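Please look over the sequence and the model below before reading on. The report that follows deals with enclosed spaces and then with a metal site.

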Amino acid sequence: MRLSRYFLPVLKETPSEAQIASHRLMLRAGMIKQASAGIYSWLPLGFKVLRKLENIVHEEQIRAGHIPMLMPTLQSADLWKESGRYDAYGPEMLRIRDRHDRDMLFGPTNEEMITDIFRSHVSSYKDLPLTLYHIQWKFRDEVRPRFGVMRGREFLMKDGYNFDLTKEDALHAYNRHLVAYLRTYERMGLQAIPMRADSGPIGGDDTHEFLVLADTGESEVFYDSAVTDIRLGARDIDYDNVDQCQAVMEEFTSLYARTDETHDEAVFNAVPEERRRSARGIEVGQIFYFGTKYSDAMGATVQGPDGKSVPVHMGSHGIGVSRLIGAIIEANHDENGIIWPEGVTPFHCGIVNLKQGDAETDAACETLYAALVKQGLEPLYDDRNERAGGKFATMDLVGLPWRLTVGPRGLKNGVVELTSRRTGESTELSLDEAVSKLAEIYAPHRSDIAHP
Ligand code: ATP
Ligand code: MG
């Protein structure tokens, strides 16, 4: 992309309504524009990051054997009356009446709708296990929308639902989700710690929230610091292997890590004192096992191997896709702007032309641009007629992890400069070397599953 032809409305001034870094930086970097309280337009740069996160989520869900689909944002109230949640959900639910006076609502989540789909089409245990998911906009009329996309009213969520014959199978689905979520967050350059949580209005027996540690987080958390040393890394996971998923789950959840809702001072005090931590965290996902709560209420049964009809065991699992952008920025920025992790960056590198209009410098930039594209990389080329200082400031604000600086002085020696946004370190490289270096850096971040 050439910056001169892109739409990147960066702001010089710090917007006064933004209280936290991620909100400020998303506004300043021209990623979002507020449409009304808690509702945002996703400008091209923000939209690009959102799509990247969606792709990672899809890939990791599909890898775990879960099946993508898409349900509508508007739902009929009838299903919610059936489950009993139409009244229980309260003022967070946006209720709408259509021209025929039918009660509708903008979905805050989809347990009812998916259970209805399930009961309409599945009647035998032979069709189980089944996990369906979608990535769709949700609406919750939050009392206090704030912190930009972090607590919006309209927000993008991945929500998935498992249907299993037995509790044991449903717990395997739970563990599978836990592992797939860990992988998802790690690919986004985040450490999200699974913490035992409270089930709240969804109801259920077992639930973990995933929290990214950040001073601006809304949740208070307590944990054993040893939990921050564990990574999934590149290990191979066989999602059909019950024991392996269980082992990973236990590895990540046996150390003390809880939100304030489930915090138990006595148990916490058994953690060696030097490892006890209390901090703030951002909830970026949650998994639930809730047994037969919805299948009982809505008659979602299958015929078991013995011919008897039994309610299915279910769980639901959510990732806050749009909130994650805020969380990633909270964890990755400095005073000059965002610092995108390689896995989610909107463009792979910036190209700064120090002398726009100079034939040789322009040509070198074009050569680099074409060579990067050929490698499957997306550069953002600042080809505007601006002074170097302004170009650097924009690149720092936008936060691409790598910048190529191209000027007549370097080109005289056949080199350009490759600079890391995170460390500020620069190396001089020939054009060819720069391109292969970037291809090498991004090799581990390529996707290997075709998304839906
Ligand atoms: P919270 O406690 O933050 O209100 P929740 O527990 O009600 O969230 P879930 O129903 O678990 O949310 O939804 C799954 C994920 O969706 C959450 O983990 C969070 O990342 C995201 N999410 C929930 N509410 C919002 C919101 N208002 N804005 C942005 N993301 C949200
Ligand atoms: Mg939650």
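## Cavities and a metal site

In this predicted model, the structure holds two cavities of 30 Å³ or more. The table sets out their volumes and the classes of the residues that line them.

| Cavity | Volume | Lining residues by class |
|---|---|---|
| Largest | about 90 Å³ | nine nonpolar, one polar and two charged residues |
| Second largest | about 60 Å³ | five nonpolar, two polar and one charged residue |

The lining of the largest cavity includes Leu 182, Tyr 185 and Glu 186, together with the run Leu 190, Gln 191, Ala 192, Ile 193 and Pro 194, and also Val 227, Ile 230, Arg 231 and Phe 252. Two elements, α6 (167–187) and β9 (192–196), each give at least two residues to this lining.

The second largest cavity is lined by Tyr 40, Trp 42, Trp 137, Val 149, Gly 152, Glu 154, Phe 155 and Ser 322. Here the elements that supply two or more of the lining residues are β2 (39–42) and β8 (154–164).

Turning to the metal, which residues coordinate the magnesium ion (ligand 2)? The ion is coordinated by Glu 283, through OE, and by Gln 286, through OE1, at 1.9 to 2.2 Å. Glu 283 counts as partly exposed because its relative accessibility is 26%, a value that lies between the limits of 20% and 50%. Gln 286, by contrast, has a relative accessible area of 12% and is therefore buried, since buried means under 20%.

Definitions and conventions: Residues numbered from 1 in each chain as written. Chains lettered and ligands numbered in written order. Predicted model: local features only at pLDDT ≥ 70, side-chain atom pairs only at ≥ 80, totals over all residues. Heavy atoms only, no water. Donors = N, O, S within 2.8 Å, 3.2 Å for Na, K, Ca; no water. Buried < 20%, exposed > 50% of the residue type's maximum accessible area, 1.4 Å probe, protein only. 1 Å grid on protein atoms, 1.4 Å probe; cavity = no way out; pocket = protein on both sides within 12 Å on 5 of 7 lines; lining within 4 Å. Points joined across faces, edges and corners; volume = space filled by probe spheres on them. Helix = DSSP H or I, 4+ residues; strand = E, 2+ residues; numbered from the N terminus. Nonpolar A, V, L, I, M, F, W, Y, C, P; charged D, E, K, R; others polar.
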